[in-house]
Amino acid sequence: MNLLHNLNPEQLAAVTLPAQSALILAGAGSGKTRVLTTRIAWLLQTGQVSPAGIMAVTFTNKAAKEMLTRLATMLPVNTRGMWIGTFHGLCNRLLRTHYRDAALPQSFQILDSQDQLSMIKRLLKAANVDDEKYPAKNLMYFINNAKDQGLRAGQVEAYDPIERKMVELYELYDQQCQKEGVVDFAELLLRAYELLSRNAPLRQHYQMRFKHVLVDEFQDTNDLQYNLLKLLAGHGEQVGGAIFAVGDDDQSIYAFRGANVGNMSAFERDFKVRNLIKLEQNYRSHGHILDSANYLIANNQKRLGKNLRTDAGLGEPVRIYEASSDLEEAQWIIEEAKNLMGEGLPRKEIAILYRSNAQSRVIEHALFAAGIPYTVYGGLRYFQRAEVKHAIAYLQLMDNPHNDSAFLRVVNFPTRGIGVRSIEQLQMAADTYGISLYAAVPYMTGKAGTSLGGFVKLIEGARFETQQLALPEMVRIVLERSNLLTHYGNEKEGADRIENLEQMVNAAAQFVQEEGFGQSAPAHLGPPSQAQAGEAVLYQDGIEILDADAPLPSVMSPLSAFLAHASLEAGDAQAQAGQDAMQLMTVHSAKGLEFDAVFITGLEEGLFPHETSARELDGVDEERRLMYVAITRARKRLYMSFTQQRMLHGQTRFNMKSRFFDELPEEALKWLSPRVQSNWFANKKSPTAWDDAAFRNGSDNKIAQQITQKSAGNGVGWRVGESVTHAKFGEGVIVNIEGGAGAARAQINFGASGMKVLDLSVAKLERI
Ligand code: ATP
Ligand code: MG
């Protein structure tokens, strides 16, 4: 099968570059991610590398999954041996494989940001530190920031007493984590970095193994991630693979998390990149949309410079609406969205973007009232819900009893008569002996000793009872033995929570299946035996290297793996598996995604650009890049709105429209708001009806009709990149759609059955 068939000359050149480091610098929608995925497929197909020789870094777990699925449709390959994931996911895998060398317990656990914060609060309390002077959040930021720069407490330079104290607390925090056998997100990366930089044989092993390291969204790597890549690529050493980086400096939007767009130029320099390829053809957006993006971003000073063009035609103008309030803004969105759905657009092809999470409430409310299904990305994720975290805490204790956060979360939940006083005594004992709370229980006497002892028995009992069981069964038993089900059963509003808890059994089943853990394997007596066979232990210079060619099951018990998954998944923007629903998310979480229609809401000064940006160096430029990301998510339709007044964080704000409107090309815009608002409310016409009438009666009548026809042609909603199945040809991927109303044809890549051009009005295709 010809993987290269549907690439333009620049893309083709990029995909087939020789095994040297390369930088693909290109604007939004120019096929960077496609090029990266195709390159992996091509390298494998042409036998240049085995799946084990590939490492690919994506920005979210979801993107990693998509990449694996895409690869599986492109060629018959076992994707398990490949390391494809986020930096965090990949570092987790590395640390699990070499936990001894990384000085971690085998079942180390991952703290999500919520756990991390509560741990820091406990630490401050234990150390008698004034939390007004040293707010827990500040300390957390301080620690994560240092780790993101690759700095341990001893390496942070402190200039004043406050900073010196912070450094001291950072040190204490790290000690506590080590004692409990837990790592935070930043630690995953730092620990992996330290492991590879200190352990030369191990480093060389991976350098030889990963012949090709491919990185998507390279502009958002931070310094630590960049240095980790350098280690893997054997920078300055004899061995080492090639790094294939794709990115867009104009989409660098994570400076606040330490991302450093300067890494792109550093990469070019450090790796003496000879292959720099620019992609300038945009395949995603219609002309007016792309023009808007190009105009806007031209206002930024520091750019590496590149252009984007499209063959798609101008398409519809960008529609802009001025609402009187946030409530009315939401109403307008719903009206417009209904029109789009009336034209045949699937709901999941409509995205509503906002700058800050707090904006979603009003929109959600309106969607709910209108009975339109929707999914919110990045809200409170499943694994972060209180009841789910409680259940997870029980499982964590069974896997690693020294996790104090987990212990404190459930030692008296549901209540079992263990009071604050008992916990204080226990804490004292733990401090005295320098051990975990769990380990300190035997030192307790009296009533506290009895009740705490009962809790330990509960955990030990559950561990014993479930040790021969598969993970989903184990979860079920824990839900019962912990009394969580009974507890919520007695609660008035507990039904939802029970449902969420029961959902965990399914989540475990799905996980076990997806990750290939043998269903009947003992859950936590170590790895299933059949997988152990594939595990090779290498020795180099007397150091044991567990070869990570073997899939995850050989390096982690199902329970440990599931718990890591719960922590990592909770940190990701992940939609619940849902049917056809409208997509709500922040602009940040929309990175890399695309939709037929996009609404960008709340374009007001102070909100977008956000008020905090005025304080930051380069702040407004970063907001502008964010706006560029938002605009370039849209394929066919783009809507923008702002309101005169809005409730946010309990305050009514009166807003000026965003400066970004002045930076868009007037020809591409269509201002919808009528001059005298009271008029149209009196006429009881929706703004859309009002506007469309004006539009159709106006001089651009013809264009309006053409556009309507054109979109009706694609109205069935097939799109390039979509996976389909056909009765005769099997599974395939749509690589091109051409022709208009009634005569649309799709070129579909059916893998083994080859490339076919099918008439969309006749071919019987189904979505996968
Ligand atoms: P972003 O910067 O937003 O991450 P990107 O550069 O990664 O965008 P892709 O998502 O890879 O762009 O591609 C954008 C869209 O264009 C996708 O739908 C992709 O399938 C399509 N596309 C890319 N290259 C081609 C091509 N040569 N022919 C047809 N469609 C293409
Ligand atoms: Mg991309």
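How many of the 768 residues of the chain count as buried? In this predicted model, the share comes to 45%. The secondary structure of the chain consists of 28 helices and 23 strands. Contacts often bridge long stretches of sequence: among those between residues at least 6 apart, 75% join residues at least 24 apart. A few regions are described below.

We may start with the annotated site. The UniProt record, an unreviewed entry, places the feature "binding site" at Ala 26, Gly 27, Ala 28, Gly 29, Ser 30, Gly 31, Lys 32 and Thr 33. Two glycines from this list can be followed into the model. Gly 29 sits in the loop between β1 (22-26) and α2 (32-45), and Gly 31 is also placed in the loop between β1 and α2. Is Gly 29 buried or exposed? Gly 29 counts as buried because 25 other C-beta atoms lie within 10 Å, where the cut-off for a buried residue is 20 or more. Gly 31 is buried too, with 24 other C-beta atoms within 10 Å. Leaving aside residues up to four places away in sequence, Gly 29 touches Asn 282, Tyr 283, Arg 284, Ser 285, Glu 594 and Thr 632. With that exclusion again applied, the contacts of Gly 31 are Gln 11, Leu 279 and Tyr 283. Tyr 283 thus appears in the contacts of Gly 29 and in those of Gly 31.

Attention now turns to helix packing, with α8 as the helix to follow. Helix α8 (residues 185-198) packs with helix α10 (residues 223-232) at an angle of about 30 degrees, and their axes are 10 Å apart. This angle makes α8 roughly parallel to α10, since angles under 35 degrees count as roughly parallel. The crossing of the pair α8 and α10 is left-handed. From α8, Leu 189, Leu 190, Ala 192, Tyr 193, Leu 196 and Ser 197 take part, meeting Leu 224, Gln 225, Asn 227, Leu 228 and Leu 231 of α10.

Helix α4 is another partner of α8: the two pack at an angle of about 55 degrees, with axes 9 Å apart. α4 and α8 are therefore oblique to each other, and α4 passes α8 in a left-handed crossing. Here Phe 87, His 88, Cys 91, Asn 92, Leu 94 and Leu 95 of α4 meet Phe 185, Leu 188, Leu 189, Arg 191 and Ala 192 of α8. Leu 189 and Ala 192 are thus listed both in the contacts with α10 and in those with α4. How many residues of α4 (residues 87-97) are buried? The count is 11 of its 11 residues, including His 88, Asn 92, Arg 93 and Arg 96.

In helix α20 (residues 471-481), the buried residues are Leu 471, Pro 472, Met 474, Val 475, Val 478 and Leu 479. They span an arc of only 155 degrees around the axis, which places them on the same side of α20. After α20 comes Asn 483, whose phi is positive, near 70 degrees.

A last example is Leu 124, found in helix α5 (residues 113-126). Leu 124 is buried, with 20 other C-beta atoms within 10 Å. Not counting residues up to four places away in sequence, Leu 124 touches Val 129, Asp 131, Tyr 134 and Ala 136. The C-alpha atoms of Leu 124 and Leu 139 are separated by 9.5 Å, with the two residues 15 apart along the chain.

Conventions
Residues are numbered from 1 along each chain as its sequence is written. Chains are lettered from A and ligands numbered from 1 in the order in which they are written. This is a predicted model: local features need pLDDT of at least 70, side-chain atom pairs count only at pLDDT 80 or more; totals for chains, interfaces and linings use all residues. A residue is buried if 20 or more other C-beta atoms lie within 10 Å of its own, exposed if 12 or fewer, and partly exposed in between; C-beta atoms are placed from the backbone. Helices (H or I, at least four residues) and strands (E, at least two) are DSSP runs, numbered from the N terminus. The arc is that of the directions from the helix axis to the C-beta atoms. UniProt positions are given in the numbering used here, feature names are shortened, and annotations may be inferred rather than shown by experiment. Two residues are in contact if their C-beta atoms, placed from the backbone, lie within 7 Å. Axes are lines fitted to C-alpha atoms, for helices over the stretch in contact, and angles run from 0 to 180 degrees between N-to-C directions. Angles under 35 degrees count as roughly parallel, over 145 as roughly antiparallel, 65 to 115 as roughly perpendicular and the rest as oblique. A crossing is left-handed if the near helix is turned anticlockwise from the far one by less than a right angle, and right-handed if clockwise.
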